[in-house]
Amino acid sequence: MCAMKKKRVLVTGGSGFLGSHLCERLLEEGHEVLCVDNFYTGRKDSILHLMDNPHFEIIRHDVTFPLYVEADEIYNLACPASPIHYQFDPVQTTKTSVHGAINMLGLAKRIKAKIFQASTSEVYGDPAVHPQTEDYWGNVNPIGIRACYDEGKRCAETLFFDYHRQHGLRIKVGRIFNTYGPRMAMEDGRVVSNFVVQALRGEDITVYGKGEQTRSFCYVDDLVEGIFRLMEHTPDEFTGPVNLGNPLEFSILELAQEVIDLTGSVSRIVFKPLPSDDPMQRKPDISLAKRALGWEPRTPLREGLVKTVEYFQRVLKTA
């Protein structure tokens with residue numbers, strides 16, 4: 001394969017969990033990276049190791065306001081992704097998805113850039129179809145406590161496809177399923193980080209309901225590879241949406257037991273009532289990603305959890 005042309009790439013939400021790994025990958029590919037973040041949930045610690053790279057820049061900016069820069073490509077990852085964060089200020093969450101999409105699409109139109117939207121498996125809501133395929137329209141409560149995120153992301157997809165149809169914009173839409181790995185925030189309420197931190201601290205591990213609800217966990221390096229292939233290795237006529245996630249399904253109780261085993265923790269598992277609108281099943285059908293991207297996750301759950309545990313052990317030592 002011939003070497004790719006060096007590009008100037010804008011990554012919104014670039015200091016977040018996924019964004020920081022994506023910035024790292026783009027730099028490794030030889031591109032210039034402009035990281036844009038308002039640091040609401042993103043952390044400077046996640047990108048400190050990139051700061052000395054002369055091809056890496058940071059702008060503190062909120063995507064709900066227009067941005068005027070030059071770039072060849074845009075990856076739009078800006079939006080709090082954990083329930084604790086996106087439910088703290090639900091109006092702002094919706095604005096980040098909707099106004100942020102409008103502003104980034106407007107920028108892409110002006111500078112004629114290709115643009116990627118980090119959509120989510122949450123567009124499927126509490127699915128009545130299992131596993132979820134891209135042609136499933138979803139089962140979302142539009143007035144529930146998760147709607148600010150779910151409906152915001154659904155509206156963002158609408159905007160992307162309307163800009164594509166109306167203005168000929170080159171778009172790529174990836175629906176991201178549960179992802180985990182180093183640089184997750186400790187207090188973000190996501191199940192992997194919750195369980196690992198609770199186990200390392202010897203605290204009770206909180207499982208909601210009976211722990212029978214299922215999730216499919218994709219290691220962050222695999223996920224970034226999928227995003228990269230969608231953006232860089234598919235023709236312009238392939239827009240997505242395409243599911244990006246791990247099709248291997250685990251119950252929440254199985255995850256808790258695996259984390260206890262890996263950490264050697266004395267933590268007990270305690271059960272609490274299910275949160276409102278919490279999906280009972282979540283598993284991607286990745287047939288399209290396999291065909292169009294030649295992609296599927298490579299990292300087994302236990303291997304990825306080992307790396308994640310090692311990361312949180314280091315964080316807790318310096319906390």
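This section describes two helix packings, several individual residues and some backbone features of a predicted model.

The first packing involves helix α5, residues 191-201, and helix α9, residues 301-318. The two helices pack at an angle of about 55°. Their axes lie 10 Å apart. The helices α5 and α9 are therefore oblique to each other. The crossing of α5 past α9 is right-handed. On the α5 side, the contact is made by V192, S193, V196, V197, L200 and R201. On the α9 side, L305, T308, V309, F312, Q313 and L316 take part. By class, the residues of this contact comprise eight nonpolar, three polar and one charged.

Two of these contact residues, L200 of α5 and V309 of α9, are also touched by T263. Residue T263 is placed in helix α7. Leaving aside residues up to four places away in sequence, T263 touches A199, L200 and V309. A polar atom of the T263 side chain lies 3.4 Å from the backbone oxygen of I260.

Residue S265 is found in the loop between α7, residues 252-263, and β13, residues 269-272. The relative accessible area of S265 is 15%. Buried residues are those under 20%, so S265 counts as buried. Its side chain makes a polar contact with the side chain of S267, at 2.8 Å. Residues up to four places away in sequence are again set aside for the neighbours of S265, which are A199, G202 and I260. A199 is thus touched by T263 and by S265.

The second packing pairs helix α1, residues 17-28, with helix α6, residues 220-232. The angle here is about 65°. The axes of α1 and α6 are 10 Å apart. Helix α1 passes α6 in a right-handed crossing. From α1, the contact draws on F17, L18, H21, L22, R25 and L26. From α6, it draws on V220, D221, L223, V224, E225, I227 and F228. These residues divide into nine nonpolar, one polar and three charged.

Residue V224 belongs to helix α6 and is one of the residues in the contact with α1. With a relative accessible area of 5%, V224 is buried. It touches H21, L22 and R25, not counting residues up to four places away in sequence. H21, L22 and R25 are among the α1 residues of the helix contact. V224 and C23 stand 201 residues apart in sequence. In space, the C-alpha atoms of V224 and C23 are 9.7 Å apart.

Residue F160 offers another case of a buried side in a helix. Its place is in helix α4, residues 147-167. At 0% relative accessibility, F160 counts as buried. F160 touches A101, L105, I115, F116, Q117, I171 and V173, not counting residues up to four places away in sequence. F160 and T239 are 79 residues apart in sequence. Their C-alpha atoms are 9.6 Å apart in space.

The backbone holds two cis peptide bonds described here. One runs from H130 to P131, with omega near -10°. P131 is placed in the loop between β5, residues 114-120, and α4. The other joins G240 and P241, with omega about 5°. P241 is found in the loop between α6 and β11, residues 242-244.

Positive phi values were also computed for F39 and R183. Neither entry concerns glycine. For F39, phi is near 60°. F39 lies in the loop between β2, residues 32-37, and β3, residues 56-60. The relative accessibility of F39 is 15%, and F39 counts as buried. For R183, phi is near 80°. R183 has its place in the loop between β7, residues 179-180, and α5. The relative accessibility of R183 is 14%, which also counts as buried. Helix α5, at the end of that loop, is the helix that packs against α9.

How values were computed. Residues numbered from 1 in each chain as written. Predicted model: local features only at pLDDT ≥ 70, side-chain atom pairs only at ≥ 80, totals over all residues. Heavy atoms only, no water. Axes fitted to C-alpha atoms, helices over the stretch in contact; angles between N-to-C directions. Helix = DSSP H or I, 4+ residues; strand = E, 2+ residues; numbered from the N terminus. Parallel < 35°, antiparallel > 145°, perpendicular 65-115°, else oblique. Left-handed = near helix turned anticlockwise from the far one by under 90°. Contact = heavy atoms within 4.5 Å. Nonpolar A, V, L, I, M, F, W, Y, C, P; charged D, E, K, R; others polar. Buried < 20%, exposed > 50% of the residue type's maximum accessible area, 1.4 Å probe, protein only. Polar contact = N/O pair within 3.5 Å; in protein donor to acceptor, adjacent residues only side chain to side chain.
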